[in-house]
Structure formats: structure tokens, C-alpha cells
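The following note is offered to a colleague examining the fold of this chain. Its points take up the sheet, the crossovers and the nonpolar cores in turn.

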Amino acid sequence: MRVTGGIGRGRRLKVPTGSRVRPTSDKVKQALFNILGDRVAGSAFLDLFAGAGGIGIEDLSRGAGRVVFVDASRDSLNSIKQNLEQTGFGDRAEVVLSKAASFLKKPSGPYDIVFLDPPYAEETAPLLEQIAGARILKPDSILIAEHFKKQPSPERAGSLERYREARYGDTVLAFYKQEAGSMK
């Protein structure tokens, strides 16, 4: 796994050995950041189920203002910390040991971009609904859920509405935004 763009381009990242981390492929990562484009610069980014931190570190490499990495595995967090140290992005990062559902119950954010990449066996709809109810999104925020192609992307989840879906082999990226009038 490596950083595919920005100032850290080409740097290799550590993935926890023997873990169940499934890093996002370089092809999917590049496609994601091509879609996000200029939205990344200066953004507040939340990486839920961060794994080795590849997506959040890619975001930092491309100019994000701040990234919060959340994962329930100590091995993953150790890899993220090593990767942040290696890339020099640690000053704009926060690493949190927590299950995603527990993290979302605490005050956090607001975020411009939320990336959600749970284990492929886990359903995304309940997590999307929890995120919508957590009030961590800015009015013009987007949420991206990565999931296995055989799992459907709900059209709606709470106040979130899917506006785009992209497929890359077995991987789907589903893009959500707040429904008009849902933010107060």
C-alpha cells in the first residue's frame, strides 16, 4: 500500500501483519480522490474503520487540514501512528481507539468529508443512520461508504441521500450528502 498523490506520493505504508485489515486498493483510492478533487484542500476529514490509515493519510498528502482516524484495533492504530510518523503528517492528525458506533455517540467534528469503510460483512445502513443522527456533518459535507459489490447502497439513511455510486471490481464507493432542508 502506498500514497498515490500529493506531497507524500509514492511513500509505502505499513499494514498490520496477520490482521483482518483490507486496505483500499491504489486504483480505488486514486478514483476516490479524483472524484473529491478540490474538496480535500483544507478539509476536516473523518476516517472511520481507518485500518492502516491509507485513506486519511492520502487525504493529508493532498492538503487536508485535519484528519481523525478511528479504529477499534490497537494493531491498526499502531500502524497508523507509524505511517503518520513516516510521512510527517502527524501534526494534522488525531488517532482514536474506539468502535465507530461508540465514537459517534460523543461530540466530534464537524467534518467536511467522512469516509466509512467497515468490514465487508458489516451492513452500512445502520452506520449511515447513526452518522446522520450524530450531527457531525457540516451542511455541505459528503460521506463516502466503501462496501462489497453484493451489498446494496441504501438510497437514503436518516437525513443522508445517495447521489453517486462508483464500482471498481468488487468494491463500491457510495457518495451521500444531507437532504436539502435537513440541516438546522
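1. The model is a predicted one. Within it, β1, α2 and β2 together form a β-α-β unit of right-handed sense. The two strands of that unit, β1 (residues 44-48) and β2, are paired in parallel through five bridges. One residue pair that may be inspected directly is leucine 46, whose bridge partner in β2 is valine 68.

2. A further crossover leads on from β2: the chain passes through α3 to β3, and this β-α-β connection is likewise right-handed. Strands β2 and β3 (residues 93-97) run parallel and are joined by five bridges. Here valine 70 is placed opposite valine 96 of β3.

3. How enclosed is β2 by the rest of the structure? Five of its six residues are buried, so the strand is largely enclosed. In the sheet, β2 stands between β3 and β1.

4. The sheet as a whole is open and comprises eight strands, ordered β3-β2-β1-β4-β5-β8-β7-β6, with mixed pairing. The edge positions are taken by β3 and β6 (156-157); each has a single partner strand, so one side of each lacks a neighbour in the sheet.

5. Elsewhere in the sheet, β4 pairs with β5 in the parallel sense, again over five bridges. Leucine 116 has alanine 145, in β5, as its bridge partner. Helix α1 lies across β4, β5, β7 and β8, and its direction makes an angle of about 140° with β7.

6. The largest nonpolar core contains 28 residues, of which Leu32, Leu36, Phe69, Ile144 and Leu173 touch the most other members. Elements contributing two or more residues to this core include the helices α1 (26-36), α2 (54-61) and α3 (74-87). The strands β2 (66-71), β4 (111-116), β5 (137-148), β7 (160-168) and β8 (171-178) also contribute two or more residues each. The greatest contribution comes from α1, which supplies five residues.

7. Leucine 173 merits individual inspection. Leaving aside residues up to four places away in sequence, its contacts include Val28, Leu32, Phe115 and Ile144. Leucine 173 also touches Ala145, Glu146, Arg164, Glu165, Ala166 and Tyr168. Ala145 is also the bridge partner of leucine 116.

8. A second core, separate from the one above, has 24 residues, among them Val68, Tyr111, Ile131 and Ile136. Val68 thus links two of these points: this member of the second core is also the bridge partner of leucine 46.

Key. Residues are numbered from 1 along each chain as its sequence is written. This is a predicted model: local features need pLDDT of at least 70, side-chain atom pairs count only at pLDDT 80 or more; totals for chains, interfaces and linings use all residues. Side-chain values use heavy atoms; hydrogens and water are left out. A nonpolar core is a set of buried Ala, Val, Leu, Ile, Met, Phe, Trp, Tyr and Cys residues joined through side-chain atoms within 4.5 Å. Buried means under 20% relative accessible area, exposed over 50%, partly exposed in between (1.4 Å probe, protein chains only). Helices (H or I, at least four residues) and strands (E, at least two) are DSSP runs, numbered from the N terminus. Contact means heavy atoms within 4.5 Å. Two strands pair if DSSP finds at least two bridges between them. A crossover is right-handed if, with the strands pointing away from the viewer, the path from the first strand over the helix to the second runs clockwise. Axes are lines fitted to C-alpha atoms, for helices over the stretch in contact, and angles run from 0 to 180 degrees between N-to-C directions.
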